[in-house]
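Got your viewer open? Load the model below, switch on side chains, and follow along one stop at a time.

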Amino acid sequence: MPPGGGIGMTSISRETSLPDLVTEIRRRHAAGPVCIGRPNLSNFEAAKGRDLEMRKTKPQLFFDSRRHIDRLNDYKHTDPGFNLKLRPSMSAPKLSTIARAAAGSSEYTELLEKLSR
């Protein structure tokens, strides 16, 4: 058993009396296991509800694989000219940097134009 009876004690000062420490550990061990409170451990529905609430309050911490598919379906229904081959990424602009460069555009000149406006 670790020092402190398994309750997370990480350092023991030099002045600690070994017999007193052993007596305290035996007393705590005889009192039963250390029970750390785990909310909703026995109630599955409450745990599931807590997880859903956390997902709503902090969505940036969770990956939602369905969000991409939903966004794709929205584009298909709202834009009749939507083509998946022309837009492989939902977060990317419609016209890629390579296509603009091939057409004679430049990121540098576009930046200068934006700054001059």
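A quick word on terms before you click: a helix here is a DSSP run of H or I at least four residues long, and helices are numbered from the N terminus. Keep in mind, too, that you're looking at a predicted model.

**Stop 1: helix α1.** Select residues 18-31. That's α1, with 14 residues. From its first C-alpha to its last it reaches 20 Å, close to the 20 Å expected at 1.5 Å a residue. Now step just past the end of α1 and pick G32, which follows the helix and has a positive phi, near 120°.

**Stop 2: the charged side chains of α1.** Go back into the helix and show E24, R27 and R28. What links these three? A network of salt bridges joins E24, R27 and R28. Take the pairs in turn. R27 and E24 meet through their side chains at 2.5 Å, N to O. Both sit in α1, three residues apart, about one turn of the helix. E24 also meets R28, this time at 2.7 Å, N to O, and that pair is four residues apart in α1, again about one turn.

Why does that spacing suit a pair? An α-helix has 3.6 residues a turn, so residues three or four places apart point the same way. Side chains of opposite charge can then pair when their charged atoms come close.

Colour by accessibility if you can: E24 is partly exposed, with a relative accessible area of 28%, and R28 is partly exposed as well, at 37%.

**Stop 3: helix α3.** Jump to residues 65-78, which are α3, and select D70 and R66. Their side chains form a salt bridge at 3.4 Å, N to O. D70 and R66 are four residues apart in α3, so about one helical turn separates them. How accessible are they? D70 is partly exposed at 35% relative accessible area, and R66 is partly exposed at 45%. With that you've been through the salt bridges; the structure holds three.

**Stop 4: a nonpolar patch.** Last, select M54, L61 and F62 and turn on the surface. These residues form a nonpolar patch there, with about 270 Å² of accessible area together. Click L61 to find your bearings: L61 lies in the loop between α2 (44-57) and α3 (65-78). Is L61 buried or exposed? L61 counts as exposed because its relative accessible area is 57%, and the cut-off for exposed is over 50%.

Technical notes
Residues are numbered from 1 along each chain as its sequence is written. This is a predicted model: local features need pLDDT of at least 70, side-chain atom pairs count only at pLDDT 80 or more; totals for chains, interfaces and linings use all residues. Side-chain values use heavy atoms; hydrogens and water are left out. Helices (H or I, at least four residues) and strands (E, at least two) are DSSP runs, numbered from the N terminus. The expected span of a helix is 1.5 Å times one less than its number of residues. Patches are made of residues with over 30% relative accessible area and no salt bridge: like charges are joined within 9 Å, nonpolar side chains (Val, Leu, Ile, Met, Phe, Trp, Tyr) within 5 Å. Accessible areas come from the Shrake-Rupley method with a 1.4 Å probe; for residues, only the protein chains shown count as cover. A salt bridge is a side-chain nitrogen of Lys or Arg within 4 Å of a carboxyl oxygen of Asp or Glu. Buried means under 20% relative accessible area, exposed over 50%, partly exposed in between (1.4 Å probe, protein chains only).
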